[in-house]
There are 2 protein chains.
Amino acid sequence: MVNEKMRRLGANRSVIRDLFEYANARRKEIGAENVFDFSLGNPSVPTHEDVTARMISLLQNQPPASLHGYTSAPGAAEVRQAIAAYIANAYSAECSPELIYLTCGAAAALVCALSALLCAEDEAVVFAPFFPEYRVFIENTGAKLVCVPCKEPDFSIDFTSFSKAVTNKTRVVIVNSPNNPTGKVITEEELKTLCAILKQKEREYGAPIYLISDEPYREIVYGNVFVPYVPRYYNNAAVCYSFSKSLSLPGERIGYISVSPRAQNAAAVFEAICGAGRAHGYVCAPSLLQFTVAECLGKTADFSSYKINRDLLYSYLCETGYDCVRPDGAFYLFVKALEKDAKAFSERAKKYELILVPSDDFYYPGYVRISYCVPIDTVRRSLPAFKALMEDYAREKR
Amino acid sequence: MVNEKMRRLGANRSVIRDLFEYANARRKEIGAENVFDFSLGNPSVPTHEDVTARMISLLQNQPPASLHGYTSAPGAAEVRQAIAAYIANAYSAECSPELIYLTCGAAAALVCALSALLCAEDEAVVFAPFFPEYRVFIENTGAKLVCVPCKEPDFSIDFTSFSKAVTNKTRVVIVNSPNNPTGKVITEEELKTLCAILKQKEREYGAPIYLISDEPYREIVYGNVFVPYVPRYYNNAAVCYSFSKSLSLPGERIGYISVSPRAQNAAAVFEAICGAGRAHGYVCAPSLLQFTVAECLGKTADFSSYKINRDLLYSYLCETGYDCVRPDGAFYLFVKALEKDAKAFSERAKKYELILVPSDDFYYPGYVRISYCVPIDTVRRSLPAFKALMEDYAREKR
């Protein structure tokens, strides 16, 4: 009597959410300081102070009826202009305000872009491990998700598999760099190879293949790591961006889609995005947030604690004998489980109050994801627990 | 190469939006004070001062990482509790925080509720005239919209037609009171008759029929008009509410779905709503707004100018010879066009700088909608134009 597909989606809480609830219960039992909860990707650092100041200033000085009024569906004209100007300047890339669509965060951006580009029976290629909701968003359009596992140990792209996976049904390829859950950043060389394959496939099949760059972690990189701007390397590109992580505003739901002016049928793609926004009930992105981020482009929250956490965890876990993917960005560490079954490993880690997400939910077996967007002190105090977990497995082998 | 259905949805700007753009152009040509733009339902009054104060206080006093962090998908627990307590108290209705789902406004609420309840081949019954996006939202689920025109001249429900329209395929009926575009409020007697028919049909077909009450205009009523609370009259009910109009916050996208605890399969319905939220990319409703409205429940913007506008327009237009539906609520006046073709009438009204929305878009011919959520002065100065338009038609008849 209800839509059973939707009910199942609603009933199957993600493993991440389950672990988070377990951690909450455990905090109550033994005290928050004794639980090492690495489950959620919820930024732990405050937003940039200019964001707060800007919001307060808008609330104090702008007429409320216009500040909180409907904007046009793709966003307020001045906000779209500011974003396009920022992109053009920061990435030396062509960008048009007419092709910027403000969204309620990256999830809405992906839903609108995928619904705009995919039809039933089409295929969308994604690289595993990947953000679990990709599957939900793609399958909700009636299209098929085609999965290309990355190569161990560095989780670079397997171009042989990729090349085989792209068929005449492929309409969309999604890249996510810096990556959730591995922290991997796609290098310029990798991106060039990827784009060369796609261009060759477009010629072969005589149809555009759109490359969607999902980049909520764009600014969160460590050291001198370069994150190539996808539309500079490939014409049929759209960027799905979110301010959730860059400005620590995940609950506020603000992001955008930027369609490359060089994309084939760019205007039609944009129209379809507008149509998808309508069909999904997105009237406009939250207006106060639109006007706020327009003034804070290029600013970020202070990520220095993420860097400290990454360095602490990565070097300590490597020293202790864990196999880790070196994270150049985002705030995740992808660690090989000490037994084949990542769920069993995650379960045993609970003995040491370590809350680690098994990688199966990211459609890649045998690993756990550590979200280190937590206070530095939590990471410091967790290190002996990781050691004890390693020793637990070592004892077993003896 | 794009999803053509979505592209068409995006390309076909609504007539309302076209008229609004025309009015914008005209304002530049002849001055804003000379254009009588009654096209958009964008509240003209500021939000309640407590809303602004509350937002500023949250921004100044709450830790940003939690204020702007992800809430749980259906909303922050304390916000859901506050809303449930408010409903229970204000409407003496059973209400459970476990069945409250915060949304990005009423459009998102409708999309999630309809996607949760409808499957392909199902039918949803709506009363015409109706909010045009109902068709988009219903058809996007694969279900069929079944239209029951209201009765002239008072736009009450035609129960004979309604009774025929409800079949064993009907899963959902939508009511919208106070109504957009007529301003009609469903009386308690009407609602009782409607519910009696639905209960009888449920028994006849042995399956629940869910009644969705879309009520963004609940608080905007004139005089001692009573707006019955639907879940008190019918068990299988869900309310889609928005703070857009009550608090003049349409751009901020904040509302909720409340599933009646008495509804058959209430928990499954709620799960399906959560699943629909996931599928459509709604991660959570904007967090700052969630915490804000929780403290402002029962407060409203000052609607006194809407009342003055209604009285002015309704009495003047009636005196001048127009046939108007008496609006007991919302901020719309539904006026019979002076010729059969409402579009032609709307076109001729432009000669007098009157921007009126033809009713065809609301799936009801022969009328225009006047959105009188505008400054009182605009209404006052528009009256001679309405008179001139009437005289224009009178001259023709002579």
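Biologist: Which residues of H1(A) and H10(B) meet?

Modeller: From H1(A) come A:Met6, A:Arg7, A:Leu9, A:Gly10 and A:Ala11, and they meet B:Ala268, B:Glu271, B:Ala272, B:Cys274, B:Gly275, B:Ala276, B:Arg278 and B:Ala279 of H10(B). Contact here means heavy atoms within 4.5 Å. Bear in mind that this is a predicted model, where local features need pLDDT of at least 70 and side-chain atom pairs count only at pLDDT 80 or more, while totals for chains, interfaces and linings use all residues. Residues are numbered from 1 along each chain as its sequence is written, chains are lettered from A in the order in which they are written, and side-chain values use heavy atoms, leaving out hydrogens and water.

Biologist: Why are H1(A) and H10(B) called roughly perpendicular?

Modeller: Their axes, lines fitted to C-alpha atoms over the stretch in contact, make an angle of about 85° and lie 6 Å apart. Angles of 65 to 115 degrees count as roughly perpendicular, so H1(A) and H10(B) are roughly perpendicular to each other.

Biologist: What makes A:Thr47 count as buried?

Modeller: Buried means under 20% relative accessible area, with a 1.4 Å probe and protein chains only. A:Thr47 has 7% relative accessibility, so A:Thr47 counts as buried. This residue is in the loop between strand S1 (36-37) and helix H3 (49-61) of chain A. Beyond its neighbours within four places in sequence, its contacts include A:Leu247, B:Pro64 and B:His68.

Biologist: How do you know that the copies meet through the same surface?

Modeller: Happily, one number settles that: 99% of the interface residues of chain B are also interface residues in chain A, so the copies meet through the same surface.

Definitions and conventions. Axes are lines fitted to C-alpha atoms, for helices over the stretch in contact, and angles run from 0 to 180 degrees between N-to-C directions. Helices (H or I, at least four residues) and strands (E, at least two) are DSSP runs, numbered from the N terminus. Angles under 35 degrees count as roughly parallel, over 145 as roughly antiparallel, 65 to 115 as roughly perpendicular and the rest as oblique. Buried means under 20% relative accessible area, exposed over 50%, partly exposed in between (1.4 Å probe, protein chains only).
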